[in-house]
Amino acid sequence: MARDRGNGEDYTRPVRRILVGGLVALMIGLFLLWRIDSPRAERFRAMLVDRFVPSMDWALVPVTNALDMVEGFQSYSRIYEQNQELRRELQQMRAWREAALQLEQENAKLLDLNKVRLDPALTFVTGVVLADSGSPFRQSVLLNVGSRDGIRDGWATTDGLGLVGRISGVGQTTSRVILLTDPGSRIPVTIQPSGQRGILAGDNSALPPVDFIDDVEVVRPGDRVVSSGDGGVFPAGLLVGQLVAGPDQRLRVRLAADYERLEFLRVLRASPAEPILEPGGLVSPEPQKPSVIAADREAGDG
């Protein structure tokens, strides 16, 4: 066994040397062939290229396809990165769009607070909404104005677009506003242009119903709803909203105030009405005394 192994090694060692020597000689010959600068060597090189290179196209196909795959993958990676960058920019643009819409609505509300023309006898105090204590059983918000600002219970509040509610609870620096959607809210309203009277009753929904309408046949969805001023609850003529037909076929009001974004509220100071003690004072001034009338005539003759 040892003899056979030794004979195998003695046989393969010369063969290995011959192959290595032949390969080295071939490489040296190819190097010299490509380095020799002579017309004959040039023709020989051209003959070798024409003979062997065209037949090697099949071997270059996998290499070409692999290169195309690498370039395609690199292109896909660049497109993916660009897509991710565009997605991030789109998210930023959406955030900026929401911020711009909020600022636009806030600006519109402030402009409306400055432009709305009410009864000259009404003055107002503008407060910031501090908190929303809305719940399934109570709809109210908290303002940063209170008794030190002269706020009193029962005064109406608007957001510059429409009536929001009334003051119900006043502290030193804060006050609470009961919204029109609160179940405890009941205000008299007038439906225009028919002039029908009714009661807007809160029911914890965005579309509170109108009850006790004198003649339902003369009102239509789309009619304007304003405060009537009956009972001295609210000043007359404050916009409440628009009449609509609810899912239950009841007449409801789409409120003009934006209840989703209550940020600033205007509290209307309602001055007490001048008391009328005598019926005649309502239609004519107090009659003048005869001596005053005679003095006026003498002044006119003079």
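A residue is called buried when its relative accessible area is under 20%, exposed when it is over 50%, and partly exposed in between, with a 1.4 Å probe and the protein chains only. The structure is a predicted model, in which local features need pLDDT of at least 70 and side-chain atom pairs count only at pLDDT 80 or more, while totals for chains, interfaces and linings use all residues. Residues are numbered from 1 along each chain as its sequence is written, and side-chain values use heavy atoms, with hydrogens and water left out.

Helices and strands are DSSP runs numbered from the N terminus, helices being H or I with at least four residues and strands E with at least two. Helix H1 covers residues 2-35 and contains Leu-32. Leu-32 is partly exposed, since its relative accessible area is 44%. Together with Val-20, Val-24, Ile-28 and Phe-31, Leu-32 makes a nonpolar surface patch of about 460 Å². Such patches are made of residues with over 30% relative accessible area and no salt bridge, with like charges joined within 9 Å and nonpolar side chains (Val, Leu, Ile, Met, Phe, Trp, Tyr) within 5 Å. The accessible areas come from the Shrake-Rupley method with a 1.4 Å probe, and for residues only the protein chains shown count as cover.

The salt bridges come next. A salt bridge is a side-chain nitrogen of Lys or Arg within 4 Å of a carboxyl oxygen of Asp or Glu. Side chains of opposite charge can pair when their charged atoms come close. The whole structure holds 6 salt bridges. In one of them, Arg-197 meets Asp-230 at 2.5 Å, N to O. This pair links distant parts of the chain, as Arg-197 is in strand S7 and Asp-230 is in the loop between S9 and S10, 33 residues apart. Arg-197 is partly exposed, at a relative accessible area of 36%, and Asp-230 is also partly exposed, at 34%.

A further salt bridge joins the side chains of Asp-203 and Arg-252 at 2.9 Å, N to O. Asp-203 lies in the loop between S7 and S8 and Arg-252 in strand S11, so this salt bridge ties together parts that are 49 residues apart in sequence. Asp-203 is partly exposed at 31% relative accessibility, whereas Arg-252 is buried at 10%. Both residues belong to a network of salt bridges that includes Asp-248. Elsewhere, Arg-148 and Asp-149 meet in a salt bridge of 3.9 Å, N to O. Here Arg-148 is exposed, with a relative accessible area of 57%, and Asp-149 is partly exposed, with 27%.

Strand S11 also leads to the largest pocket, which holds about 310 Å³ of space. The lining has 17 residues, and those closest to the pocket centre are Thr-181, Ala-206, Asp-258, Tyr-259 and Glu-260. On a 1 Å grid over the protein atoms alone, a pocket is an open set of points with protein on both sides within 12 Å along at least five of seven lines, a cavity is a set of points where a 1.4 Å probe fits but cannot get out, and lining residues have an atom within 4 Å of a point. Grid points are joined across faces, edges and corners, and a volume is the space filled by probe spheres set on the points. Strands S1 (123-132) and S11 (251-255) each supply at least two lining residues. By class, the lining has 9 nonpolar, 4 polar and 4 charged residues; Ala, Val, Leu, Ile, Met, Phe, Trp, Tyr, Cys and Pro count as nonpolar, Asp, Glu, Lys and Arg as charged, and the others, Gly among them, as polar.

Several loops show backbone features. Gln-192 and Pro-193 are joined by a cis peptide bond with omega of about 10 degrees, and Pro-193 is placed in the loop between strands S6 (186-192) and S7 (196-201). Phe-212, which is not a glycine, has a positive phi of about 60 degrees. Phe-212 is in the loop between strands S8 (210-211) and S9 (224-227) and is exposed at 68% relative accessibility. Gln-249 likewise has a positive phi, near 65 degrees, in the loop between strand S10 (239-245) and S11. Gln-249 is exposed at 67% relative accessibility.

In strand S6, Ile-191 is buried at 0% relative accessibility. The C-alpha atoms of Ile-191 and Ile-213 are separated by 9.0 Å, with their positions 22 residues apart along the chain.
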